[in-house]
Amino acid sequence: MQISRLLLITTLLSMLGGFSATVQAAGDAIKVTSIAQVETEVIGKDGKKSLVRTPVEKAIPGTEVIYTTTFQNLIKKPVGDIVINNPVPNASEYKAGSAFGKDCDILFSVDGGKTFGHAEELTIKDEGGKPRPALAKEYTNIRWIYKKQLAPGKSGEVGFRAAIK
Amino acid sequence: MHPAEIKKICSRAINPGISVCLLLILPQIGWAAGTPSGTSISNSATLTYSVGAGPTNTATSNAVSFIVDKKVNLLVTEVSGSPTSVGIGQTGAVTTFSVINLGNDPQGFALAAALAAGNPASGGTPPFTTNDFSATGLQVFADSNGNGVYDAGVDTATSIPTLAADASQKVFIVADIPGTAAAGQQSVVSLTATAVVPITLAPLSQTPGVDTPGVDVVFADGAGVTDAALDAKYSAYGAYLVNGVNVTLTKTVASIVDPNGTAVVMPKAVITYQIDVDLSGSGTADNLVITDPLPANTTYLANSISITCISGTYAGGGACGVGTISAPQPPVSKGDLDTDGDYADFNFTSANAVTVTLGNATSPAKSIITFKATIN
C-alpha cells in the first residue's frame, strides 16, 4: 500500500509538478510516531548503574512517563514549516524543563492551546485576577516549532516527560 | 519531587527571587490520592508542515495509551509523637495512631497491635526506643465514629472496612499496665496496618510478572518499623511511659443486708461493693477508666452506682469533674446508661460490668466507687 502510493505520488510529481503533488501527499510526506516509555535504573554486571527505557507497564500515580514523537520525511523533497502540537495527556502533569527537541523552539500553553508562549512568559490569573507565573503542572499543551527544513529520508525527534497525577 | 526539579523551576520561570520559588514549589507537592485505577491515559501528537510553497498539511501520530494501575500505599504514624503517660496498674491505657491511604483507590485496612521486640525497641526512633517492660492485654480498635478519641464500647471495630484515597483514620491500641511496672519504665507497642480488599478484607496480592491489559495491583509502600517496603503493610511504634503515679484499686464488701434486715449472705441479700481508687506518688494517669465485672451469681441492682470524690486534680472529663478537689465531696449517684454523660455505666461500655471514667487524674487522688448487687 505504502509503495503504491509513493509510486503514485512520484508519478504525479513528474506529471503535474509540486502544487498538486502536495495535495495528494497530505498524509504521507511525513510519518509521525508517538511512544510512551518509563525510565528505570538497572545495575549491570559491572555494578554500574544505567537508565533503561522500557514501554509503560506498571503505571501508578507518580510514575514519570517519557513521551517521544518521531517524525520522518518520506518524500524526496525537503519538508518545511514543521510544527508539532501535543496536548499534555489527561490525568498527567508536565514535568518542568523536560521538553526536548533539537532545532526546535519550544512553546507551552496554559489555556488549552489557544495561546502559546515560552515557559517564562506564561501567566495565570490568581483568585484576585492578578497574573502570576504559571506552574509547569498547569501547562495544557506543548508546541515545537522546527526551525529547519527536514531533508528527504531524515527524521527528527521531540518529546517531554509527564507524571501520572 | 527531586531537588533538581525545584532548581529548574526557579531558574526557568523566576526572576524576582527565592520567595516566588517557594510559591512554586509548595503547590507541586503531592499527588497523594492520585488518578483512580482503570483510567486510560492517551497521548497523540499532531504535526503540520508544508512542502515547498504548498499549503499546510496535517499528519497525526498513532495514539499511545495505557491504563492506570492500582497503587497500594499507606502510612501509619503515632499521633502525639510522645509516649502515653500511664500509672502503675492502669487499665485500658490508649495510644493513638493515624492510618493514611496513600493509594489511588479506596482500600480496607487490617490492623494488628504487638509488643516491640528488644530493648531498645528494634528499629525504633526516640522517644519510642526504651522498652523495659511489657504492657498486657493489647487490643486494637479503629475510630469508628471518627471523633479522634477512643470511646470504649463505641469504637469496637478491629479493622477499617474502607478508607477513601488520601483519607485517614485514627486507630487506638488499648492496653493494661501491670502492677509490676516501675516509674520511668516504658513499653513500646507497634501498630501494623495491612491494605486489604475493602469490606471483605480479603488479602491483596500484587499482579505478578509483566503488564496485563487490565488494572494491575502494584505495592508502593515504604518500610515501617517492623515491616519491609512493598508489602502492602506499614508499621509504627507508640509507647506507654510509666510515670510516678501508682494506681491502686482495692475492692471490698461495704455491707450486706439480707431480707431479714441482718447481714447474712443468702439469696436476695443485697451486697454493696466498694472500690477505693487511690493514686499515690506523683504524676498523671491519662484516661483513667475503672472497669469491674459483676461477681458471679449476683444480679446488678439498677442505678446503684455511686461515686465519692475525695481528692485529686482531674482533667479531660470524668466522674469527678474537672479541676482540683480540695475537700471530700458527698457521694453522687450515677445512672446506668453510657449516654447520660455522667461517666459511669453498667453493661454498656463493658458487658456485665460497672465502668467509671475518671479522665486524666493527677496524684495524689482518691475516690470511692460503690455499687450494689443481689445474691441469686
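Below is a short chat about a predicted model.

Me: What are the ipTM and pTM of the model?
Reply: The predicted model comes out at ipTM 0.79 and pTM 0.69.

Me: And chain B, what does its pLDDT average?
Reply: The average for chain B is 88, and 91% of the residues score at least 70.

Me: Where in chain B is the pLDDT below 50?
Reply: That's residues 1–31 of chain B. Beyond near neighbours in sequence, the stretch still has 30 contacts in the model.

Me: OK, switching to the interface. How many residues does each chain bring to the contact?
Reply: Chain A brings 47 residues and chain B brings 45 residues.

Me: Which elements of chain A give two or more residues to the side that touches chain B?
Reply: Those are α2 (18–24), β1 (30–43), β3 (64–73) and β4 (79–87) of chain A. With eight residues, β4(A) gives the most to that side.

Me: How do the residues on that side of chain A divide into nonpolar, polar and charged?
Reply: You get 27 nonpolar, 13 polar and seven charged on the side of chain A that touches chain B.

Me: Back to β4(A), which strand of chain B do the five bridges join it to?
Reply: To β2(B), residues 46–51, and the two strands run antiparallel. Within that pairing, Val83(A) has Thr48(B) as its bridge partner.

Me: What holds paired strands together in general?
Reply: Strands of a sheet pair through backbone hydrogen bonds, in either a parallel or an antiparallel way.

Me: New topic, the open sheet of four strands in chain B. What's the strand order?
Reply: Going across, the order is β6-β8-β12-β10 in chain B, with antiparallel pairing. β6 (74–78) and β10 (136–142) are the edge strands, each pairing on one side only. From one strand to the next, the twist averages 25°.

Me: How many bridges pair β10(B) with β12(B)?
Reply: Five bridges, in the antiparallel sense, with β12(B) covering residues 168–176. One cross-strand pair to look at is Phe141(B), which stands opposite Phe172(B) in β12(B).

Me: Where is Val149(B) found?
Reply: Val149(B) is in the loop between β10 and β11 (159–163) of chain B.

Me: Why does Val149(B) count as partly exposed?
Reply: Because Val149(B) has 14 other C-beta atoms within 10 Å, and partly exposed lies in between the cut-offs of 20 or more for buried and 12 or fewer for exposed.

Me: And how far apart are Val149(B) and Val171(B)?
Reply: Val149(B) and Val171(B) are 22 residues apart in sequence, and 9.0 Å apart in space, C-alpha to C-alpha.

Terms used: Residues numbered from 1 in each chain as written. Chains lettered and ligands numbered in written order. Predicted model: local features only at pLDDT ≥ 70, side-chain atom pairs only at ≥ 80, totals over all residues. Pairing = 2+ DSSP bridges. Axes fitted to C-alpha atoms, helices over the stretch in contact; angles between N-to-C directions. Contact = placed C-beta atoms within 7 Å. Nonpolar A, V, L, I, M, F, W, Y, C, P; charged D, E, K, R; others polar. pLDDT = per-residue confidence, 0-100.
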